[in-house]
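This report looks at how a few parts of one protein chain fit together. Please keep the sequence and the structure in view while reading.

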Amino acid sequence: MSRVFGIVCVAATPATVAAEEIIVFAAASMTSALAEIETNFEAATGHDLVVSLAGSSALARQIQQGAPADIFISASTDWMDRIEADGLIEEGSRFDLLGNSIVLAAFGTETAPVEIGPDLDLAGLLGDGRLAMALVDSVPAGVYGKAALESLGLWDDVEAQVAQADNVRAALAFVAAGEAPYGIVYATDAAAEDNVTIVGTFPPDTHPAIVYPAADLASRDVPAEAEFLAYLRGPEARAAFERQGFTVLTE
């Protein structure tokens, strides 16, 4: 389920002609970074940023169904490809914004690290418990996680124990609450939760490259869209993303 958060816009700066509302659809894994960016962008420009957070697949489907939005930031190039193929983004506006990694996260703060490879006894680690993951056939974090487990020959051993969530933050919440002893989530999400431990990182060659593309959607025409996309490439946004553990791909 998507989350929307917003802060009432502050008075426009003298350089701003008129305050505008910009609706951003973004992957749930960007929650913490975008909360900081939202506050700073609004203070700097006077615009009102409305951020809707959910799994990239759910957001892409909403865009395909005509949901009003200005910017889409996906955790998957595949979902952005689909939106672009449907003619739903402004030509030339797409760029790769961020990179990430996926990790095995454990409940609590004292779980010992493991070596992630073909010899990992993940089923043994789980015991009678569940492995929390985002939807493995549609949500990027789940897709990446399933691909990694298949690459390592571990998927068949744990498939029956996978507890799927609508998005990666929901999967992380299962682990943080102790409802699942382990989960596969983005490194950035695990780092933002105090009650989980990253016990291992999946090798990059076990799954498709994790790239977050951003683009201006064609459904609305708000002049401030370009201003926000430029802000995402700027030093303030870069610092916010790096504080959350993302790899920034833009110069």
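Against which helices and strands do the buried residues of helix 10 pack? In this predicted model, they pack against helix 1, strand 5 (95-99), helix 9 and strand 12 (247-248).

## The two sides of helix 10

Helix 10 spans residues 235-243, and within it Ala237, Ala240 and Phe241 are buried. Seen down the axis of helix 10, these buried residues fall within an arc of 95°, so they line one face of the helix. A general rule helps here: an α-helix has 3.6 residues a turn, so residues three or four places apart point the same way.

The face of helix 10 that is turned away from the buried side carries Pro235 and Arg243, which are exposed. Just after helix 10 comes Gly245, which takes a positive phi of about 95°.

## How helix 1 meets helix 9

Two packed helices are described by the angle between their axes and the distance between the axes. For helix 1 (residues 31-45) and helix 9 (residues 224-232), the axes come within 12 Å and cross at roughly 125°. Because angles from 65 to 115 degrees count as roughly perpendicular and those over 145 as roughly antiparallel, this crossing makes helix 1 oblique to helix 9. The crossing of these two helices is also right-handed.

On the side of helix 1, the residues in this contact are Ile37, Asn40, Phe41 and Thr45, and they meet Glu227, Phe228 and Tyr231 in helix 9. Taken by chemical character, the residues of this contact divide into 4 nonpolar, 2 polar and 1 charged.

Note on methods. Residues are numbered from 1 along each chain as its sequence is written. This is a predicted model: local features need pLDDT of at least 70, side-chain atom pairs count only at pLDDT 80 or more; totals for chains, interfaces and linings use all residues. Side-chain values use heavy atoms; hydrogens and water are left out. Axes are lines fitted to C-alpha atoms, for helices over the stretch in contact, and angles run from 0 to 180 degrees between N-to-C directions. Helices (H or I, at least four residues) and strands (E, at least two) are DSSP runs, numbered from the N terminus. Angles under 35 degrees count as roughly parallel, over 145 as roughly antiparallel, 65 to 115 as roughly perpendicular and the rest as oblique. A crossing is left-handed if the near helix is turned anticlockwise from the far one by less than a right angle, and right-handed if clockwise. Contact means heavy atoms within 4.5 Å. Ala, Val, Leu, Ile, Met, Phe, Trp, Tyr, Cys and Pro count as nonpolar, Asp, Glu, Lys and Arg as charged, and the others, Gly among them, as polar. Buried means under 20% relative accessible area, exposed over 50%, partly exposed in between (1.4 Å probe, protein chains only). The arc is that of the directions from the helix axis to the C-beta atoms.
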